[in-house]
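Please work through the following exercises with the sequence and the coordinates at hand. Each task is followed by a worked solution.

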Amino acid sequence: MAAATITKPHVLFVPRSAQGHINPALAFAKRLASEGINVTFIITTKLSKSAKISDCSSITIDYISDGSEEEVKEPKTIEAYYKRIKAVFSANLAEFIQRQKSTGSPAKLVIYDSTMPWVLDVAQEWGLLGAPFFTQSGAVSSIFYHLKQGSLKFPYEDSTVSLPALPTLQINDLPSLSKFMDSNQTILKLLADQFLNLDRAVWVFINTFDMLEKEVVEWMASRWPIKTVGPTFLLQQKYDKFSNQTISLFELKLDSYKEWLDSKEAGSVIYVSFGSTASLGKEQMEELAFGLIKSNCYFFWVVRSSEMDKLPHNFNSEKGLIVEWCNQPEVLAHRALACFISHCGWNSTLEALSYGVPLIAMAQWVDQNTNAKFIQDVWRVGVAIGVGENGIIGREEIAMCIAQVVGGERSIELKRNACKFKKLANEAVEYGGTSANNIQDFVSKLMS
């Protein structure tokens with residue numbers, strides 16, 4: 001008798017179409033593919049036309065329209081915009097799943113971005129299991145849970161807040177939402193609704209690791225089937241170190257930055273980047289530019305093309321290199337790096353911790369204030385820059401913080417702590433580590 005053919009389980013990934021959400025999910029998807037899972041990674045039709053998609057041969061990339069690529073009149077409100085995307089994408093996802101069911105390898109599970117809880121409704125309607133993937137920290141995610149439950153109110157009412165498994169937080173340590181808030185609190189609802197139907201999910205994945213957020217992970221695990229699987233960008237590095245196999249909204253221009261970094265002494269370069277979406281005002285860009293010069297350190301600064309016109313007129317420094325984009329993990333791993341001036345997005349925070357690079361926190365919005373609090377006061381791997389009365393961080397303050405982090409007694413402690421978390425992050429994703437074990441456990445259950 002011929003041996004029975006073993007069919008690989010098929011998983012659909014549905015990330016949110018934003019740089020900071022796509023690539024953590026992509027790294028997770030590629031790791032599952034390396035474990036024998038058949039993976040289809042879904043991006044929007046609009047994104048497929050503009051993104052730079054490098055070789056992702058271990059998985060299948062497919063496209064679904066959310067209506068945003070069509071030449072229709074844009075909704076007048078942010079609430080209407082998200083409502084339209086949800087309606088169009090839900091209908092097209094249902095049609096996609098229906099077509100898949102007629103193939104020889106229909107999907108068994110949908111792993112979706114936690115900010116799109118309605119994907120679970122579509123999946124279950126068609127008989128699929130569902131599991132959200134949280135791309136923010138456990139601490140920030142738990143804060144949005146309390147906002148959903150009403151045990152924390154927005155606008156924030158008290159000067160300090162005490163929440164389970166978290167340190168005491170000041171108002172400035174809580175997620176900053178006012179900049180995005182409309183009369184219906186659309187963005188707050190979007191983020192709080194990550195917990196809308198979480199009780200129906202079979203697994204809940206989060207891009208963190210146990211030893212980084214032990215207390216809050218344990219608290220979340222007492223309520224939901226949480227599995228830490230991060231840092232996801234480290235999951236694949238033993239297979240393809242510093243891989244450019246990504247889906248990027250920006251063109252990677254190598255220029256000569258590798259050679260420039262190679263020419264610098266160990267621990268001599270300040271790396272500056274504010275990610276894919278944060279945008280500094282023109283005055284703040286000028287203060288940052290002259291703060292870097294005032295520090296008298298070498299600096300490597302990522303300034304997106306849309307931000308270049310905010311640099312001071314004829315800005316030039318013999319000690320600086322400015323590029324439009326880079327392979328951030330590769331830069332952070334470089335021996336020349338001394339510290340990272342960051343907006344403290346969760347991906348940037350995890351990447352800095354994973355390479356033992358101390359941080360200078362210039363938080364901008366949403367989760368970044370909370371991440372900055374943990375960077376300075378909980379993990380003690382960096383300093384948060386104080387904002388002036390006019391909301392601008394001055395050049396003197398920037399130069400002073402650089403001096404604290406790069407030299408002196410405090411810098412020794414920060415570097416020591418950063419190296420501790422580098423070790424813990426890498427242990428989590430290696431064989432026998434907590435994140436690696438969680439993935440193995442998930443894969444074995446899915447296989448069965």
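The exercises below concern a predicted model.

**Exercise 1. Disulfides**

Task: Determine how many disulfides a search of the whole structure finds, and explain why Cys-339 and Cys-419 form no such bond.

Solution.
1. A disulfide is a covalent bond between the sulfur atoms of two cysteines.
2. The criterion needed here is a pair of cysteine sulfur atoms within 2.5 Å.
3. For Cys-339, the closest cysteine sulfur belongs to Cys-297 and lies 7.5 Å away, which is too far for a bond.
4. For Cys-419, the closest cysteine sulfur is that of Cys-339, at 14 Å, again too far for a bond.
5. The search of the whole structure accordingly returns zero disulfides.
6. As to accessibility, Cys-339 is buried at 0% relative accessible area, whereas Cys-419 is partly exposed at 36%.

**Exercise 2. The buried side of helix 7**

Task: Identify which residues of helix 7 (residues 214–221) are buried, and state what they pack against.

Solution.
1. The buried residues are Val-216, Val-217, Trp-219 and Met-220.
2. These residues span an arc of only 160° around the axis, so they lie on the same side of helix 7.
3. The general background is that an α-helix has 3.6 residues a turn, so residues three or four places apart point the same way.
4. The packing partners of the buried residues of helix 7 are helix 5 (138–149), strand 9 (204–206) and strand 10 (226–228).

**Exercise 3. A helix pair**

Task: Classify the crossing of helix 10 (residues 282–295) and helix 14 (residues 395–406).

Solution.
1. The two axes come within 8 Å and cross at roughly 45°.
2. This angle makes helix 10 oblique to helix 14.
3. The crossing is right-handed.
4. Residues making the contact include Leu-288, Phe-290 and Leu-292 of helix 10 and Ile-398, Ala-399 and Ile-402 of helix 14.

**Exercise 4. Backbone geometry in loops**

Task: Locate Pro-155 and Pro-231, and describe the peptide bond that precedes each. Then examine phi of Gln-185 and of Cys-344.

Solution.
1. The bond from Phe-154 to Pro-155 is cis, with omega near 0°; Pro-155 lies in the loop between helix 5 and strand 7 (160–161).
2. Gly-230 and Pro-231 are also joined by a cis peptide bond, with omega about -5°; Pro-231 lies in the loop between strand 10 and helix 8 (232–235).
3. Gln-185, a residue other than glycine, has a positive phi near 55°. Gln-185 sits in the loop between strand 8 (169–170) and helix 6 (186–192) and is partly exposed at 24% relative accessibility.
4. Cys-344 has a positive phi near 70°. Cys-344 belongs to the loop between strand 15 (337–342) and helix 12 (346–354) and is buried, at 0% relative accessible area.

Definitions and conventions
Residues numbered from 1 in each chain as written. Predicted model: local features only at pLDDT ≥ 70, side-chain atom pairs only at ≥ 80, totals over all residues. Heavy atoms only, no water. Buried < 20%, exposed > 50% of the residue type's maximum accessible area, 1.4 Å probe, protein only. Helix = DSSP H or I, 4+ residues; strand = E, 2+ residues; numbered from the N terminus. Arc of directions from axis to C-beta. Contact = heavy atoms within 4.5 Å. Axes fitted to C-alpha atoms, helices over the stretch in contact; angles between N-to-C directions. Parallel < 35°, antiparallel > 145°, perpendicular 65-115°, else oblique. Left-handed = near helix turned anticlockwise from the far one by under 90°.
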